[in-house]
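Trainee: Please show me the model, and then let us go through its buried parts and its charged pairs.

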Amino acid sequence: MGSIIKNYRLGQFLRQPQETIDEYTYLLRHLKSVDTVTPLMQLPLIEVDNIKTNLEADLLKIVATVQGTTEKQVLKMKILDFFGIVNSIRNQIETIIRAEQKLQSQYPDPKWEMVGGSEKMARFGIYNTTIALAEQFNTTPQEIEQWQYGHVFTILLHNVTRHDLQYQMSKIKTLK
């Protein structure tokens, strides 16, 4: 491949020889991120969970979702735009995953870990969140799935922080 990248439309790019696609893809993964029309934090919880799970498998659908367009329109995008958006989505997912991990490890419960709570509950995935919040807000898990991811994350952070403060206060009371 030469030193110049031809800025194909995505549909046209996908019809190129596999060698060209592989070379371009390697280079385009390092392209500067392009802001998405809709940040992932503003998407419904269920949509963000699906993106985290299916990022590589459903790129056309995911880009269409965050750009507020159709998959057909995505195929007409220039590859520099498409890969810039994909890189932004990847960066947003990495940020979300780090925030979730930090939230989960912020206030570990030794008793919970002694009985393997995290491992046992991990198989329920998003339902751990939707069921807990549905009980808290007297609604259904399906309704919680439609709440904006950023809203859900803020509530979870609030709940964890409040729980930790209550725990710390109870320890102070027992010292007296």
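Mentor: At 0% relative accessibility, Thr 130 counts as buried (buried is under 20% relative accessible area, exposed over 50%, partly exposed in between; 1.4 Å probe, protein chains only). This is a predicted model, where local features need pLDDT of at least 70, side-chain atom pairs count only at pLDDT 80 or more, and totals for chains, interfaces and linings use all residues. Residues are numbered from 1 along each chain as its sequence is written, and side-chain values use heavy atoms, with hydrogens and water left out.

Trainee: Which residues does Thr 130 touch, not counting residues up to four places away in sequence?

Mentor: Thr 130 sits in helix H9 (helices are DSSP runs of H or I, at least four residues, numbered from the N terminus). Contact means heavy atoms within 4.5 Å. With residues up to four places away in sequence left out, the partners are Leu 45, Pro 141, Ile 144 and Glu 145.

Trainee: Which residue forms a salt bridge with Arg 90?

Mentor: A salt bridge puts a side-chain nitrogen of Lys or Arg within 4 Å of a carboxyl oxygen of Asp or Glu. For Arg 90, the closest N and O atoms are 2.9 Å apart, and the partner is Glu 56.

Trainee: How many residues apart in sequence are the parts that Arg 90 and Glu 56 tie together?

Mentor: Arg 90 lies in helix H6, whereas Glu 56 is in the loop between H3 and H4. The pair therefore ties together parts whose separation in sequence is 34 residues.

Conventions:
Helix = DSSP H or I, 4+ residues; strand = E, 2+ residues; numbered from the N terminus.
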